[in-house]
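Work through these exercises with the sequence and the structure open. Try each task before you read its solution.

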Amino acid sequence: MSATANSPRSRWLLAHAAVVFGFLYLPIAVLILYSFNGQGVGGFPPRNLTLDWYRMLFADGAIWDSVFNSLQVAFAAMAISLMFGVPAALALDRAQFPGKALFRRLVLLPLILPGIITGLSLLMLFNLASLKLSLLTITLGHGTALISVATTEVFAGLQKLDRAQEEASLDLGANYWQTFWRVTVPNLKLSIIGAALLIFTLSMDEIAVSFFLIGRDNTLPLEIWGRLRRGITPEINAVSTIIFVFSLVTIVFWYRLRVRSEGGADLGAELLETSEEA
């Protein structure tokens, strides 16, 4: 095994992996480092490390207004997407109806279409409905565009679901509604939480659709984009670092939740096998 690990091919693959990961993550490391640079965005190597840019960031009212707007939009879009995406996934998995194959393709369409097309089409729709552009239009746009994410994530979870548990619930006297809330939803908890986190992240990061539907109130990506037109400032590095840390914490939380859930499922399966053998 050691000979295989030290072979030229293995060393080449290791070097290739290091170059790829360096290309992906080195710019992020540089961005984080420059968020502490006392000389701002200029000068290398960074000198006089300081927290002054973070103090300026926390005193910047426009940035925090945009953060609050983005959080409002992301939570509302998450609720809208799940409210329509979960029933759509159930329909794809459980129901038989004319045009099901076409419906499955239409559900995936927002994932394929460029954001510019989605944003422009929604802008035309809202203008036709005489709806004034505001955070409400951005919320409706994000929620509509991200329904497909909720549908695909929950549908994937339904494919792994053991239908025997639902059948046992129905045989024991529970109706379909009770079975759905007490058996189906708990088993889909991991898929629903994963879909919610992904929708939240995509909404916080969305700029193409938001650009066409924005009113007077900026979201965080549009606020950053507007400031970048005047040049990179240390506050942008600082807020980008905070966003990266938040994303990293979310990923770790999701991974720990998934590991715990899969561990619990494995333990339940082992207990079930033991009881059957007994």
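**Exercise 1. The overall fold**

Task: List the kinds of element along the chain, and find how much of the chain is buried.

Solution. Start at the N terminus of this predicted model. The elements run α-α-α-α-α-α-α-α-α-α-α-α-α-α. That gives 14 helices and zero strands. Next, turn to burial. The chain has 278 residues, and 32% of them count as buried. Now take the surface. The accessible area comes to about 17,800 Å², and 68% of this belongs to carbon and sulfur atoms. Last, look at contacts between residues at least 6 apart in sequence: 70% of them join residues at least 24 apart.

**Exercise 2. Annotated regions and helix length**

Task: Find where UniProt places the feature "transmembrane region", then examine the chain over residues 12-36 and 190-215.

Solution. Begin with the record. The unreviewed UniProt entry places the feature at residues 12-36, 73-93, 105-126, 190-215 and 236-257. Then check the model. Residues 12-36 are 92% helix and 0% strand, with end C-alpha atoms 35 Å apart. Residues 190-215 are 85% helix and 0% strand, and their end C-alpha atoms are also 35 Å apart.

Task: Test the length of helix α11 against 1.5 Å a residue.

Solution. Helix α11 covers residues 189-205, which is 17 residues. The expected span uses one less than the number of residues. So α11 should span 24 Å. Its end C-alpha atoms are 24 Å apart, and the two values agree. Which residues of α11 are buried? They are Leu190, Ser191, Gly194, Ala195, Ala196, Ile199, Phe200, Ser203 and Met204.

**Exercise 3. A nonpolar patch**

Task: Find the helix that gives the most to the nonpolar patch on the surface.

Solution. First list the members: Leu102, Leu106, Leu108, Leu109, Leu111, Ile112, Leu113, Ile116 and Ile117. Together they have about 830 Å² of accessible area. Then place them on helices. Both α5 (100-112) and α6 (115-128) supply at least two residues. Helix α5 gives the most, with six. Take one member as a check. Leu111 lies in α5. Its relative accessibility is 47%, so Leu111 counts as partly exposed.

**Exercise 4. Buried or partly exposed?**

Task: Classify Ser169, Thr118, Ala208 and Ala29 as buried or partly exposed, then find what lies around them.

Solution. The cut-off for buried is under 20% relative accessible area.

- Ser169 sits in helix α9 (residues 163-171). At 13% relative accessibility, Ser169 is buried. Beyond residues up to four places away, Ser169 touches Ala174, Thr179 and Val183. Arg182 is 13 residues away from Ser169 in sequence, and 8.9 Å away, C-alpha to C-alpha.
- Thr118 belongs to helix α6. Its relative accessible area is 13%, so Thr118 is buried. Leaving out neighbours within four places, Thr118 contacts Leu113, Ala145 and Val209.
- Ala208 is in helix α12 (residues 208-213). At 24%, Ala208 counts as partly exposed. Outside its neighbours within four places, Ala208 contacts Gly115 and Ile116. Ala208 and Leu120 are 88 residues apart in sequence, yet 9.3 Å apart in space, C-alpha to C-alpha.
- Ala29 is in helix α2 (residues 8-34). At 41%, Ala29 counts as partly exposed. Thr241 is 212 residues away along the chain, but the C-alpha atoms of Ala29 and Thr241 are separated by 9.3 Å.

**Exercise 5. Salt bridges**

Task: How many salt bridges are there, and which residues form a network?

Solution. The test is a Lys or Arg side-chain nitrogen within 4 Å of a carboxyl oxygen of Asp or Glu. The count is four. Go through three of the pairs.

1. Arg55 pairs with Asp52, with the closest N and O atoms 2.6 Å apart. The two are three residues apart in helix α3 (residues 52-58), so about one helical turn separates them. Arg55 is exposed at 53%, while Asp52 is partly exposed at 38%.
2. Arg94 pairs with Asp93 at 2.7 Å. Arg94 is partly exposed at 30%, whereas Asp93 is buried at 18%.
3. Arg227 pairs with Glu223 at 3.0 Å, N to O. Both lie in helix α13 (residues 220-228), four residues apart. Both are buried. Salt bridges with shared partners join Asp60, Glu223 and Arg227 into one network.

Notes:
Residues numbered from 1 in each chain as written. Predicted model: local features only at pLDDT ≥ 70, side-chain atom pairs only at ≥ 80, totals over all residues. Heavy atoms only, no water. Patch = residues over 30% accessible without salt bridge, like charges linked within 9 Å, V, L, I, M, F, W, Y side chains within 5 Å. Areas by Shrake-Rupley, 256 points an atom, 1.4 Å probe, with all protein chains shown as cover. Buried < 20%, exposed > 50% of the residue type's maximum accessible area, 1.4 Å probe, protein only. UniProt positions renumbered as here; feature names shortened; annotations may be inferred. Contact = heavy atoms within 4.5 Å.
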